[in-house]
Amino acid sequence: LAWNPGAERMYGWSEAEALAMNIRDLIPEGRREEALAVLRQQSQAEVIEPYRMQRIAKDGRIVVVWLTATALVNDAGDVYAIATTERKVRSES
């Protein structure tokens, strides 16, 4: 739904590029199954404690982040999106 200027600086993807991508495009291949399992939990509106995750920057760098995810729920109680706050821990080449 949105991609802020901080995410643009951290990952290199413009908002238009990021919003056209699937979340799996931002997750290193070896970490996708784990990350998608967490997203499935979030989609059920389960509370997930903040955790470390790897992301792929536009230039191919692996960015390690501390991720906090929040399920966005409509009036009917259905999850319609997941909002994340990601803070850079360090980069790996």
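A search of the whole structure, which is a predicted model, finds 1 aromatic pair. The rings of Trp-3 and Tyr-11 form this pair, and because their centres are 5.7 Å apart and their planes stand at 35°, the pair is tilted. Trp-3 also belongs to the largest nonpolar core and to the lining of the largest pocket, and the points below are arranged around these two features.

**The aromatic pair and its surroundings**

- The angle of 35° between the planes of Trp-3 and Tyr-11 falls between the limits of 30 degrees for stacked and 60 for edge-to-face rings, and the pair is therefore classed as tilted.
- Trp-3 counts as buried because its relative accessibility is 16%, where the limit for that class is under 20%.
- Tyr-11 is likewise buried, since its relative accessible area is 3%.
- Leaving aside residues up to four places away in sequence, Trp-3 touches Glu-8, Tyr-11, Trp-13, Ser-14, Glu-15, Ala-18, Leu-19 and Leu-26.

**The largest nonpolar core**

- The largest nonpolar core has 18 residues, of which Trp-3, Tyr-11 and Val-65 touch the most other members.
- At least two residues of this core are supplied by each of helix H1 (5-11), helix H3 (32-43), strand E1 (51-56) and strand E2 (62-73).
- Strand E2 gives the largest share of the core, with 4 residues.

**The largest pocket**

- The largest pocket holds about 820 Å³ of space and is lined by 29 residues, with Ala-2, Trp-3, Ile-82, Thr-84 and Glu-86 lying nearest its centre.
- Helix H1, helix H2 (15-19), helix H3, strand E1, strand E2 and strand E3 (79-92) each supply at least two residues of the lining of this pocket.
- Strand E3 makes the largest contribution to that lining, with 6 residues.
- By residue class, the lining of the largest pocket divides into 22 nonpolar, 5 polar and 2 charged residues.

**The loop between E2 and E3**

- Asp-75 is placed in the loop that runs between strands E2 and E3, and Asp-75 is exposed because its relative accessible area is 88%, where the class requires over 50%.
- Asp-75 and Arg-52 are 23 residues apart along the chain, and their C-alpha atoms are separated by 31 Å.

How values were computed. Residues numbered from 1 in each chain as written. Predicted model: local features only at pLDDT ≥ 70, side-chain atom pairs only at ≥ 80, totals over all residues. Heavy atoms only, no water. Core = buried A, V, L, I, M, F, W, Y, C linked by side-chain atoms within 4.5 Å. Buried < 20%, exposed > 50% of the residue type's maximum accessible area, 1.4 Å probe, protein only. Contact = heavy atoms within 4.5 Å. 1 Å grid on protein atoms, 1.4 Å probe; cavity = no way out; pocket = protein on both sides within 12 Å on 5 of 7 lines; lining within 4 Å. Points joined across faces, edges and corners; volume = space filled by probe spheres on them. Nonpolar A, V, L, I, M, F, W, Y, C, P; charged D, E, K, R; others polar. Phe/Tyr/Trp six-rings, centres within 6.5 Å; stacked < 30°, edge-to-face > 60°.
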